[in-house]
Amino acid sequence: MTSNNNRRVVVTGAGGFIGHHLVKSLKLLGYWVRGADIKVPDFEPSDADEFLLIDLRHFEGCSRAVEGVDDVYNLAADMGGIGYITANHAFLTRNNSLINNHMLEASRLAGVDRYLYTSSACVYPSFLQNDADVTPLREGQAIPADPEKGYGWEKLFAEQLTSYYHEECGLDVRIVRFHNIYGPWGTFEGGKEKAPAAICRKVSEAVNGGSIEVWGDGEQTRSFCHVDDCVDGLIRLMDSGYTHPLNLGTEEIVTVNQLVESVIKSSGKDLSMVHDLTKPQGVRGRNSDNQLLVEVLGWEPKTRLYDGISSTYEWIWNELSKQGRAKGPKPLRIETPYR
Ligand SMILES: NC(=O)c1ccc[n+]([C@@H]2O[C@H](COP(=O)([O-])OP(=O)(O)OC[C@H]3O[C@@H](n4cnc5c(N)ncnc54)[C@H](O)[C@@H]3O)[C@@H](O)[C@H]2O)c1
């Protein structure tokens, strides 16, 4: 066992949204970090000591990724927003199961100390999420199973497989279920973006006095967790020794319409919403129950939605403005450092 300052860590999915932030934080804490992904980060170079451009659907790629490391943060996944994951069940499920099966076996063979798997609130049964006024979801409720088609089934299976490696092979595992992570340096267009980023993009591009399109009737509910809290929670969970699934999200439930209103308020624009009922909107209601999170980590996410969404809006507006696509007014806190 090495102390945190000289532990060697691999972050898979380091070219993606959460992985990129995680690499930054681990570097600031003094870890030696290897990033692994099929692509580099979209908006700025990675802070990783070493960045492997590899396809983790292949066992050889996974073996290279985990070689010589103490800790594995396995974030790599084929994923996107609701439009993408509901239109790509076959390949997305195949890709993710290959990545997760091979990452576990490669980690076992390499004798890594600790292995963290990033799962999702999509593992929870749809029959518990039919009402916008949803009861927050507790970890023990994932089974009996009825998760989201494709993406959710694969996440639930990979959680199970991770637990089997713990029980039968002694791998020291962590399993985290994210609830809607958002923040700067996330994809905001192209089909893989999620609701907060898509809404920030639409509001940035809208002319003051105009309207934006919202998927569904906007009365579906969710909670949203800022990426800084997410990364903080991930590092705490890795150090916790807790080997069972744990929610990582906030309990600040809002309707999608309220999320849109927060973005509009951050923008200083006067915009109306046009609801498109033909578009997918996912389960009707979903919220995180954080009782176990607080018991295990003595901590929970702190960022209020409005604060987190304002800085996310600033960042997306700024990115679009570089391409001449953002419409004024310029967000007030545009100079705020994100970290
Ligand atoms: N963002 C969320 O709200 C959220 C919610 C629930 C779960 N998760 C999970 O958290 C993890 C990170 O999510 P994210 O939001 O950063 O997603 P992301 O799409 O930004 O990052 C995932 C990364 O995995 C990489 N990847 C995909 N296939 C790969 C392959 N074959 N080989 C190597 N790399 C590959 C992608 O290139 C991408 O950079 C994922 O496992 C995701 O399922 C995220």
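In the predicted model, proline 144 is placed in the loop that runs between strand β5 (114–120) and helix α5 (151–169). The peptide bond leading into this proline from isoleucine 143 is cis, and its omega is near 5°. A second cis bond joins glycine 328 to proline 329, again with omega near 5°. Proline 329 belongs to the segment that follows α10 (305–322). A further backbone feature concerns asparagine 180, which is not a glycine and yet has a positive phi of about 45°. This asparagine is located in the loop between β6 (172–178) and β7 (181–182). In general, most peptide bonds are trans, and most residues other than glycine have a negative phi.

The surroundings of the ligand comprise 27 residues, of which Phe17, Ile18, Asp37, Tyr151 and Ile181 come nearest. Oxygen atoms of the ligand take part in several polar contacts, including one at 2.8 Å from a polar backbone atom of phenylalanine 17. The backbone of leucine 75 also contributes, with an N or O atom 3.0 Å from a ligand oxygen atom. At threonine 118 the partner is a polar side-chain atom, which lies 3.3 Å from an oxygen atom of the ligand.

Phenylalanine 17 and isoleucine 18, both among the residues that come nearest to the ligand, also take part in the packing of helix α1 against helix α7. The packing of two helices is described by the angle between their axes and the distance between the axes. For α1 (residues 17–28) and α7 (residues 227–240), the axes come within 9 Å and cross at roughly 60°. The crossing of α1 past α7 is right-handed. On the α1 side the contact is made by Phe17, Ile18, His21, Leu22, Ser25 and Leu26, and on the α7 side by Val227, Asp228, Cys230, Val231, Leu234 and Ile235. By class, the residues of this contact between α1 and α7 comprise nine nonpolar, two polar and one charged.

Helix α2 (residues 59–66) packs on helix α4 (residues 89–110) at an angle of about 45°, and their axes are 8 Å apart. At this angle α2 is therefore oblique to α4. As α2 passes α4, the crossing is right-handed. Four residues of α2, namely Phe59, Cys62, Ser63 and Val66, meet Ile99, His102, Met103, Glu105, Ala106, Ser107, Leu109 and Ala110 of α4. Eight nonpolar residues, three polar residues and one charged residue make up the contact of α2 with α4.

A third helix pair is formed by α6 (residues 195–205) and α8 (residues 256–267), whose axes come within 10 Å and cross at roughly 45°. The angle therefore makes α6 oblique to α8. Helix α6 passes α8 in a right-handed crossing. Here Pro196, Ile199, Cys200 and Val203 of α6 meet Val256, Leu259, Val260, Val263, Ile264 and Ser267 of α8. The contact of α6 with α8 contains nine nonpolar residues and one polar residue, with no charged residue.

Terms used:
Residues are numbered from 1 along each chain as its sequence is written. This is a predicted model: local features need pLDDT of at least 70, side-chain atom pairs count only at pLDDT 80 or more; totals for chains, interfaces and linings use all residues. Side-chain values use heavy atoms; hydrogens and water are left out. Axes are lines fitted to C-alpha atoms, for helices over the stretch in contact, and angles run from 0 to 180 degrees between N-to-C directions. Helices (H or I, at least four residues) and strands (E, at least two) are DSSP runs, numbered from the N terminus. Angles under 35 degrees count as roughly parallel, over 145 as roughly antiparallel, 65 to 115 as roughly perpendicular and the rest as oblique. A crossing is left-handed if the near helix is turned anticlockwise from the far one by less than a right angle, and right-handed if clockwise. Contact means heavy atoms within 4.5 Å. Ala, Val, Leu, Ile, Met, Phe, Trp, Tyr, Cys and Pro count as nonpolar, Asp, Glu, Lys and Arg as charged, and the others, Gly among them, as polar. A residue is near a molecule or strand if one of its heavy atoms lies within 4 Å of it. A polar contact is a pair of N or O atoms within 3.5 Å; within protein, one must be able to donate a hydrogen and the other to accept it, and residues adjacent in sequence count only if both atoms are side-chain atoms.
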